[in-house]
Amino acid sequence: MSVLSEFKAFALKGNVVDLAVAVVIGNAFTAIVNAVVADLVMPVVGLVLPGGDWRNATFTPLQLRLGHLLGAMLDFFIIAMVLFIVVVKVGALWNRKAAAPPPPTTKMCPECRETIPLDARRCRACTSVLEPLVSGRA
């Protein structure tokens, strides 16, 4: 088998294609989350935080960039919260399970296949005698 045909077999496997699609969708989703954070959340945060260029604040003599560290931690927290809300909360709304169907109230006659009440002892269509219910089964 040639290298080209081996590569083609590898690249077209379902797992590789699924992974490629996931990466592309992940990049698009990252752009959406970054836009939500930058355009909607951060302006509100900016109203609460002190003015000035606090992210570039350093403390001498070691020149520790605590402002940058705190800014990165704040960005991570905000992005994580937005992702949590979008993935968990909104995803839960989309994945709601339908309520369980109510228990059946009818059954089918084994002789004539007519629909009859669940607790019937005789079929109203063919008058055949029906077996009594055993532990809720028809």
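These legends walk through several views of a predicted model, from the whole protein to a few chosen residues.

**View 1. The whole protein, with its three helices and two strands.** Welcome to the predicted model. If you follow the chain along its sequence, the elements come in the order α-α-α-β-β. The protein has 138 residues, and 11% of them count as buried. Its accessible surface comes to about 11,400 Å², and carbon and sulfur atoms hold 68% of that area. Take the contacts with a separation of 6 or more: 25% of them join residues 24 or more positions apart.

**View 2. Asp-75 in helix α3.** Here we zoom in on a helix that runs over residues 66-94, where Asp-75 is found. Is Asp-75 buried or partly exposed? Its relative accessibility is 26%, so Asp-75 counts as partly exposed. Leaving aside residues up to four places away in sequence, Asp-75 touches Met-42 and Arg-55. Met-42 makes a nice example of a partner from elsewhere in the chain: Asp-75 and Met-42 are 33 residues apart in sequence, yet their C-alpha atoms are 8.8 Å apart in space.

**View 3. Cysteines without a disulfide.** Look at the sulfur atoms of Cys-109, Cys-112 and Cys-123 in this view. A disulfide is a covalent bond between the sulfur atoms of two cysteines. How many disulfides does the count give? The count comes to zero. Cys-109 is in no disulfide, and the nearest cysteine sulfur, which belongs to Cys-123, is 3.7 Å away. Why does Cys-112 have no bond to Cys-123? The sulfur of Cys-123 is the closest cysteine sulfur to that of Cys-112, but at 3.5 Å it is too far for a bond, because a disulfide needs two sulfur atoms within 2.5 Å. Now turn to accessibility: Cys-109 has 0% relative accessibility and counts as buried, whereas Cys-112, at 32%, counts as partly exposed.

**View 4. Ser-128 and the residues it touches.** Our last stop is Ser-128, in the segment after strand β2, which spans residues 115-117. Is Ser-128 buried or exposed? Ser-128 has a relative accessible area of 17%, so this residue is buried. Which residues does Ser-128 touch, not counting those up to four places away in sequence? Two of the cysteines from the previous view are among them, Cys-109 and Cys-123. The list also includes Glu-111, Arg-121 and Arg-122. One of these partners, Cys-109, is itself buried.

Key:
Residues numbered from 1 in each chain as written. Predicted model: local features only at pLDDT ≥ 70, side-chain atom pairs only at ≥ 80, totals over all residues. Heavy atoms only, no water. Buried < 20%, exposed > 50% of the residue type's maximum accessible area, 1.4 Å probe, protein only. Helix = DSSP H or I, 4+ residues; strand = E, 2+ residues; numbered from the N terminus. Contact = heavy atoms within 4.5 Å. Areas by Shrake-Rupley, 256 points an atom, 1.4 Å probe, with all protein chains shown as cover.
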